[in-house]
Amino acid sequence: MIHPLNKLKPSDLLVLCNDLSKISKSFSCEIIMFIEVDFKCTLNYISCIGTNKCIHLSQLCNGVYDCSDGYDEGVHCRELLPKCQQMNCQYKCAITRNGTRCYCGDGYETSSDGRSCTDLNECNTYGSCSQMCINTEGSYTCSCVEGYVLQADNRSCKAKSEPADRPPLLLVANSETIEVLYLNGSKVSARTPVKGSAILTLDYSYKEDTICWIESRDLSSQLKCTRITKAGKLTDEWMINIAQYLHNVQQIAIDWITGNFYFVDHVSDRIFVCNQNGMVCVTLIELDLNNPKAIAVDPTSGKLFFTDYGNVAKVERCDMDGMNRTWIVDSKIEQPTALALDLINKYVYWVDIYLDNVEVVDYEGRKRHTVIKGRQVRHLCGLAVFENYLYAVNSDNFSILQINRYNGTDVQSLTRLDNAKGIRVYQKRTQTAVRSHACEADPYGMPGGCSHICLLSSNYKTRTCRCRTGFILGSDGRSCKRPKNELFLFYGKGRPGIIRGMDLNTKVSDEYMIPIENLVNPRALDFHAETNYIYFADTTSFLIGRQKIDGTERETILKDDLDNVEGIAVDWIGNNLYWTNDGHRKTIAVARLEKAAQSRKTLLEGDMSHPRGIVVDPVNGWMYWTDWEEDEIDDSVGRIEKAWMDGYSRQIFVTSKMLWPNGLTLDYHANVLYWCDAYYDHIERIFLNGTDRKVKEKYCLLKIVTVDTVLLGTHPCAITYCF
């Protein structure tokens, strides 16, 4: 059965077919996709109808049938000749079946008046020269940068082999090994000893003769490196212990100037960087990232490029320290999955596996051009650029492709490697060297004078110092210190579940605490300042746990009979933990912070719809909690209740004009209670004596604890006071 549903995406069609097949086992469907390939003739050429053949305008109406269907000749040649003569073209006039037009000789283009000719700047045309281009009157000349030699075609540049016994190589991540190939696809004679598991990505530092890759093993992943000899043999394998979780990392890029590693975590939706020994890692970008994929760096220009196709498909650029972030491609793009940079021309190439094409723009997002489109480049999962060619991996048949980036019809399959994924071209000129840079070690051995990690910023001569988790940058911009003011913000989010903290007194979002990872849905949080414990309820995992802000002493303190914990609160005077349970039994319970399982006690049960946020005031002996109703008609059913901290003297505190109260926090100094209503999308406050209730427009001294949003996005769901 064939459905002409040409307006649906292939993924939508597959879902439709699968659903229909489930309904009827006798049903089968076939999806036929016709991909329209863009084809355009160059200046002063025209295509024969229905073909990819181009003929020069001078071949029109010359008495010779150059198109197989005779499109270039006919009675129109005689009928339109007088009109052509009247146009008074400076060079020549062309007669087509649709009319007449002037054209110019090689090296010139028609002016705005449609008849006169002006010099054509060929240097503005993609591919005129493979590197440097100088426009001249009626022509142009090409040249090459240092280290390359101009070829006989006077357009192409070929890299010098320096030294002569080190030819360019292809490095291919091949699932269980790293293959080393010559550019023609043949294997280097020396066998490679690297044997791993699920090797998906790799990169290298030419000056260090080092190749590094991410290797997955069971539930953990490791960063491993090896030396590469002049003969292409891989030796002396070692592991770098990274202070971050790498299991969700599928893309890596090495800053070959500083040695820093850049990673894309496609599950946590963030980009982070670690120093050369892996001891210091900092998050660069995590906001407005929904499905990051590819990453590439140009440290000589101080630029980091990455792709994302979550809410908005785009190619982005920022400085190497994560600043000055900007979109360079955000239209006519669907699923960009691989990146490669031409460091000389400042070009960004990307693969779009949905549109089946490879495109290019310059670093500013201009001069966009489609290199190749169609069936030949379907499902590419890796990309590299060298000289006139792109090298890519086809994930359908695992073939290694060589694509002429200036002539999209020149595509060759070099070889096949089962389970091939990532690809790099290993050659000296692919990683531009610099004599000195801003992150060089000072006399005390600190890169760029930075205490923890030095990042190049807008170019290799400027740098930014960052600090490891739990430290902030000093006023000198180099040293790192523990913050004197312990005011900090921490938040939890799902997909994946993680709890992070950041200092509120710095301009950059330095992480205050070691993240609490491997969670599912951290719905409720609180902090015990005396012990530095973060307490959390992982609702989906049905547990309450804790971890210190330095990452130590992670443990589960309660596991049984926790149906749906929506709020927790630490009593720092009595050293107790209170929580709401919105499961089959609607309860509020308490337990000691130490030996919680042996000391838990239910304080209140029943007469609640959906108990959510909870906060305690141990100085005055009260606890407050919210009860969330699901009635969108009656806005008087939501409420905030209070009771003594032993559960007695229960009473309604606030109930009018409230529907989904979903979080509480106390300003203990001002005796003010704050809450957020997820139905009305606002935050309110009231004094503890029940007076002066107001909707707050400014949100000061509030820490957001939310699954989906941070810093008061849509539908705030919980807030906690930081002190």
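Here are some notes on the disulfides, aromatic contacts and strand pairings of this predicted model.

1. Let me start with the disulfides. Searching the whole structure turns up 14 of them, and the next three points go through some of these links.

2. Cys61 and Cys77 are joined by a disulfide with an S to S distance of 2.0 Å. The link of Cys61 and Cys77 is left-handed, with -80° about the S-S bond. It connects distant parts of the chain: Cys61 belongs to the loop between strand 2 (54–56) and helix 2 (76–79), while Cys77 is in helix 2, and the two are 16 residues apart. Cys61 has 24% relative accessibility and therefore counts as partly exposed, whereas Cys77, at 14%, counts as buried.

3. Cys123 and Cys133 also form a disulfide, with their sulfur atoms 2.0 Å apart. The torsion about this S-S bond is about -80°, so the disulfide of Cys123 and Cys133 is left-handed. Cys123 is found in the loop between strand 6 (117–119) and strand 7 (132–136), and Cys133 in strand 7, so the pair ties together parts that are ten residues apart in sequence. Cys123 counts as partly exposed at 23% relative accessibility, and Cys133 counts as partly exposed at 25%.

4. A further disulfide joins Cys129 to Cys142, with an S to S distance of 1.8 Å. You may want to look at its torsion too: the value about the S-S bond is about -80°, so the disulfide of Cys129 and Cys142 is left-handed. Cys129 comes from the loop between strand 6 and strand 7, and Cys142 from strand 8 (residues 139–143), which puts the partners 13 residues apart in distant parts of the chain. Both Cys129 and Cys142 are buried.

5. A word on the annotation for this part of the chain. An unreviewed UniProt entry places the feature "domain: EGF-like" at residues 119–158. In the model, residues 119–158 are 0% helix and 40% strand, and the C-alpha atoms at the two ends are 29 Å apart.

6. Two other cysteines deserve a mention for their burial. Cys318 is buried, with a relative accessible area of 0%, and Cys676 counts as buried at 0% relative accessibility.

7. Now for the aromatic rings, where the count comes to 15 aromatic pairs. In one of them, the ring centres of Tyr206 and Tyr426 are 4.9 Å apart with the planes at 40°, so the pair is tilted. This pair links distant parts of the chain, 220 residues apart: Tyr206 sits in the loop between strand 13 (199–205) and strand 14 (210–217), and Tyr426 in strand 33 (residues 423–426). Tyr206 counts as buried at 12% relative accessibility, and Tyr426 counts as buried at 2%.

8. Trp628 and Trp660 make another such pair, their ring centres 5.2 Å apart and their planes at 55°, so this one is tilted. Trp628 is in the loop between strand 50 (622–627) and strand 51 (639–644), and Trp660 is in the loop between strand 52 (651–654) and strand 53 (661–667), so the contact ties together parts that are 32 residues apart in sequence. Both tryptophans, Trp628 and Trp660, are buried.

9. There is an aromatic cluster as well, formed by Tyr126, Tyr347, Tyr349 and Tyr406. For charges over rings, have a look at Arg546, whose charged end sits over the ring of Tyr533, 4.1 Å from its centre. Lys642 lies over the face of Trp622, at 4.3 Å from the ring centre.

10. On to the strands. An open sheet is formed by four strands in the order 49-50-51-52, with antiparallel pairing. Strand 49 (611–617) and strand 52 are the edge strands, each pairing on one side only. From one strand to the next, the twist averages 30°. Five bridges hold the antiparallel pairing of strand 49 and strand 50, and Val615 stands opposite Tyr624 in strand 50.

11. Finally, is strand 17 enclosed by the rest of the structure, or exposed? Five of the six residues of strand 17 (residues 249–254) are buried, so this strand is largely enclosed by the rest of the structure. Strand 17 runs antiparallel to strand 18 (residues 261–265), with five bridges joining them, and Val249 stands opposite Asp265 in strand 18. The two strands, 17 and 18, form a hairpin with six residues between them, and Gly259 in the turn has a positive phi of about 90°.

Definitions and conventions: Residues are numbered from 1 along each chain as its sequence is written. This is a predicted model: local features need pLDDT of at least 70, side-chain atom pairs count only at pLDDT 80 or more; totals for chains, interfaces and linings use all residues. Side-chain values use heavy atoms; hydrogens and water are left out. Rings of Phe, Tyr and Trp (its six-membered ring) pair if their centres lie within 6.5 Å; planes under 30 degrees apart count as stacked, over 60 as edge-to-face and the rest as tilted. Buried means under 20% relative accessible area, exposed over 50%, partly exposed in between (1.4 Å probe, protein chains only). A charge sits over a ring if NZ of Lys or CZ of Arg is within 6 Å of the ring centre and within 35 degrees of the ring normal. Two strands pair if DSSP finds at least two bridges between them. Axes are lines fitted to C-alpha atoms, for helices over the stretch in contact, and angles run from 0 to 180 degrees between N-to-C directions. UniProt positions are given in the numbering used here, feature names are shortened, and annotations may be inferred rather than shown by experiment. A disulfide is a pair of cysteine sulfur atoms within 2.5 Å.
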